Amino acid sequence: MQLYPIFLLLLLFSIDVFCQEDESTTWNDDWDDITFTEENKYECDSINFSLTEIQQRVQQKAEKALTYCKENNLSQNYCILIDMGIHSGNLRFFVYDFAKKEVIKKALVAHGCGDAYWSDDQTRAKPQFSNVPESHLSSLGKYRMGKRGVSSWGIKINYKMHGLESTNSNAYKRIIVLHSWERVKDKETFPIGTPEGWGCPAVSNDTMRYLDTLLKQNKNMLMWIYE
């Protein structure tokens, strides 16, 4: 009977040590898994086009855009081209000067996350598109840039977007607008993508300041989102 308390203490001590070692082992395994996942998150990402190919794609769209603007009474000074075929961590937002026949501004731009996590970059290389309300996806197609408004994001300025095609006809009622967002960077982040929102083409604050000046002076500008 005198050995019982000693035996009980030894048993409790052994259980305590076992539990501590088990907890430590589990924690290390979980941490290693997380680290491994983050390190390899972008290993399959690649740059889709060379600079020459991007220039060619922009030029081809710009020529078609000018024809469209002439036929539809839109501004023939500038247009905005967004190439969603380009990885979101690369510059894919282009302001094109019709007179100079060249790009005068390049920037990063966000697209919609859909069912993925808001503000993450899960669809950075393969965005999806939809014209359906509440889809949280961007819509491809041509837009007429509309009135200047107040935004809850970035520098608190937005511009309404009027969808001109069947693929983006719900843009206005979906409140798809051009605005800025602090999470969008000024320089390329590849292979990390640009944070994704709920479908708006969001740009950096500095880019929005540039666009605000341009859009105030040029009404009915064309924006063309394509892939």
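In this predicted model, the largest pocket has a lining of 21 residues, and those nearest its centre are Trp153, Ile175, His179, Trp198 and Cys200. The space inside comes to about 470 Å³. Two strands, S5 (157-163) and S6 (177-180), each give at least two residues to the lining of this pocket. Sorted by class, that lining is a mix of ten nonpolar, eight polar and three charged residues.

Next comes the second largest pocket, with about 270 Å³ of space. Here 19 residues form the lining, and Leu51, Ile54, Gln55, Phe94 and Lys106 sit nearest the centre. Helix H2 (51-71) shows up together with strands S2 (93-97) and S3 (102-107), each of them supplying at least two lining residues. H2 has the largest share, with five residues. The class count for the second largest pocket is ten nonpolar, five polar and four charged residues.

Moving on to the nonpolar cores, it helps to recall that nonpolar side chains tend to be buried together in soluble globular proteins. The largest nonpolar core in this model holds 27 residues, and the members that touch the most others are Phe93, Leu178 and Met223. Quite a few elements feed into this core with at least two residues each: strands S1 (78-83), S2, S4 (141-150), S5, S6 and S8 (222-226), along with helix H3 (205-217). The largest share, four residues, comes from H3. Phe93 gives a good feel for the packing. Setting aside neighbours within four places in sequence, Phe93 is in contact with Ile80, Leu81 and Ile82, with the run Lys105, Lys106, Ala107, Leu108 and Val109, and also with Leu178, Val203, Leu211 and Met223. Another core, of 16 residues, lies apart from the largest one and has Ala62, Cys79, Ile86 and Phe94 among its members. Phe94 thus turns up twice, in this other core and by the centre of the second largest pocket.

A few backbone details in the loops round things off. Phe190 and Pro191 are joined by a cis peptide bond, with omega at about 10°, and Pro191 belongs to the loop between S6 and strand S7 (202-203). Asn73 is not a glycine, yet has a positive phi of about 55°. Asn73 sits in the loop between H2 and S1, and counts as exposed because its relative accessible area is 67%, where over 50% is the cut-off. His136, also not a glycine, has a positive phi of about 60°; this residue is placed in the loop between S3 and S4.

How values were computed: Residues numbered from 1 in each chain as written. Predicted model: local features only at pLDDT ≥ 70, side-chain atom pairs only at ≥ 80, totals over all residues. Heavy atoms only, no water. 1 Å grid on protein atoms, 1.4 Å probe; cavity = no way out; pocket = protein on both sides within 12 Å on 5 of 7 lines; lining within 4 Å. Points joined across faces, edges and corners; volume = space filled by probe spheres on them. Nonpolar A, V, L, I, M, F, W, Y, C, P; charged D, E, K, R; others polar. Core = buried A, V, L, I, M, F, W, Y, C linked by side-chain atoms within 4.5 Å. Buried < 20%, exposed > 50% of the residue type's maximum accessible area, 1.4 Å probe, protein only. Contact = heavy atoms within 4.5 Å.
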